[in-house]
Amino acid sequence: MGELVEPIPAVELTPDEFENFPSRVRERIETTEGPGGNPGQWLLIGARSREQGVVMRRVLETVGRIAEQRREAITERHIETLVDLYLEGEERADVDREIERDNAELRARYLLETKTWTAAGIHEHMHGGQSANPSEPASRWRREKKVFAVRAGRAQLFPDFQFADGRPRPVIADVLKRLPDDMTPWQIAFWFRGGNGWLDGRSPEEALDDRDGVLKAADRLRETAIG
């Protein structure tokens, strides 16, 4: 039999118990909290060595990041499920979070009102089905950030306004480079569709012929996101 691993000592503390810590200890802890305010629950974990403490801290940080990513992924799946329900005309799902319903409605409306292409559709349009890989060239254009695609279920859909004569408009790649890096494809789609004060109320989608103006609008959005 393998050697038994000793359990790591851990004690749950309430906020009131935390307040009973010496002030200098609380000050040290509070400086590591970062944004987000005081936690509602504390967990005091004992490390048997400095090295073990470093490892445990890194594990907890990694778990926190993974949990946040999972929450975002779950929310995204909920929204995609709702979009499918709206598009199919079925009864709306009963969800707790109003933001998911609103987002799903916006996405469904966008897909109903916007002409989009699948990668296979673009392939067929350009090559007439003669090329071996139906996902190209659209997938390559997306990887190279010459265009973007929104996800609907399992499909990646490419809004039509990005193309001219079957190929990406050069201005799209220039805009995508200037938008904030953390924008999701759906946020990008709504930005292109929405009226923009830097374009006299026109949407970037409508103002693509005004290359300088659209690029400046994208720059303004990045400055706002950074600031």
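## Exercises on a predicted model

At 34% relative accessibility, arginine 202 counts as partly exposed. This value, like every other one below, comes from a predicted model.

**Exercise 1.** Describe the salt bridge of arginine 202 and the accessibility of its two partners.

*Solution.* Begin with the pairing: the side chain of arginine 202 meets that of aspartate 210 in a salt bridge, with 3.6 Å from N to O. Next, place both residues on the accessibility scale, where partly exposed covers the range between under 20% (buried) and over 50% (exposed). Aspartate 210 has 31% relative accessibility and is therefore partly exposed, and arginine 202, at 34%, is partly exposed too. As background, side chains of opposite charge can pair when their charged atoms come close.

**Exercise 2.** Locate asparagine 196, decide whether it is buried or exposed, and list its contacts beyond four places in sequence.

*Solution.* Asparagine 196 sits in the loop that runs between α8 (185-193) and α9 (211-226). Its relative accessibility is 9%, so asparagine 196 is classed as buried. Leaving aside residues up to four places away in sequence, asparagine 196 touches Trp191, Gly201, Arg202, Pro204 and Ala217. Arg202, one of these contacts, is the arginine that pairs with aspartate 210 in Exercise 1.

**Exercise 3.** Examine the backbone at aspartate 165, aspartate 200 and proline 137, and state where each residue lies.

*Solution.* Start from the general expectation that most residues other than glycine have a negative phi, and that most peptide bonds are trans. Aspartate 165, although not a glycine, has a positive phi of about 55 degrees; this residue belongs to the loop between β6 (163-164) and β7 (167-168), and with 83% relative accessibility it counts as exposed. Aspartate 200 likewise is not a glycine and has a positive phi of about 55 degrees, but its place is the loop between α8 and α9, where its relative accessibility of 75% makes it exposed. Turning to the peptide bond, glutamate 136 and proline 137 are joined in the cis form, with omega about 5 degrees, and proline 137 lies in the loop between α5 (119-127) and α6 (138-143).

**Exercise 4.** Follow the salt bridges of arginine 211 and glutamate 136, and name the residues that one network joins.

*Solution.* The structure holds 10 salt bridges. In one of them, arginine 211 pairs with aspartate 212, the closest N and O atoms being 3.7 Å apart; arginine 211 is partly exposed at 38% relative accessible area, as is aspartate 212 at 48%. Elsewhere, salt bridges that share partners join Glu136, Arg140 and Arg143 into one network. Within this network, glutamate 136 bridges to arginine 140 with closest N and O atoms 4.0 Å apart, and arginine 140 is partly exposed, at 34% relative accessible area.

**Exercise 5.** Work out the strand order and pairing of the open sheet, then set the sheet within the whole chain.

*Solution.* The chain has 9 helices and 7 strands, and 3 of the strands form an open sheet in the order β3-β5-β4 with antiparallel pairing. Its edge strands are β3 (116-117) and β4 (150-152), each of which pairs on one side only. Between β4 and β5 (residues 155-159) the antiparallel pairing extends over 3 bridges, with arginine 151 opposite glutamine 156 in β5. For the chain as a whole, buried residues make up 29% of the 227 residues, and of the contacts between residues at least 6 apart in sequence, 53% join residues at least 24 apart.

Technical notes:
Residues numbered from 1 in each chain as written. Predicted model: local features only at pLDDT ≥ 70, side-chain atom pairs only at ≥ 80, totals over all residues. Heavy atoms only, no water. Helix = DSSP H or I, 4+ residues; strand = E, 2+ residues; numbered from the N terminus. Buried < 20%, exposed > 50% of the residue type's maximum accessible area, 1.4 Å probe, protein only. Contact = heavy atoms within 4.5 Å. Pairing = 2+ DSSP bridges.
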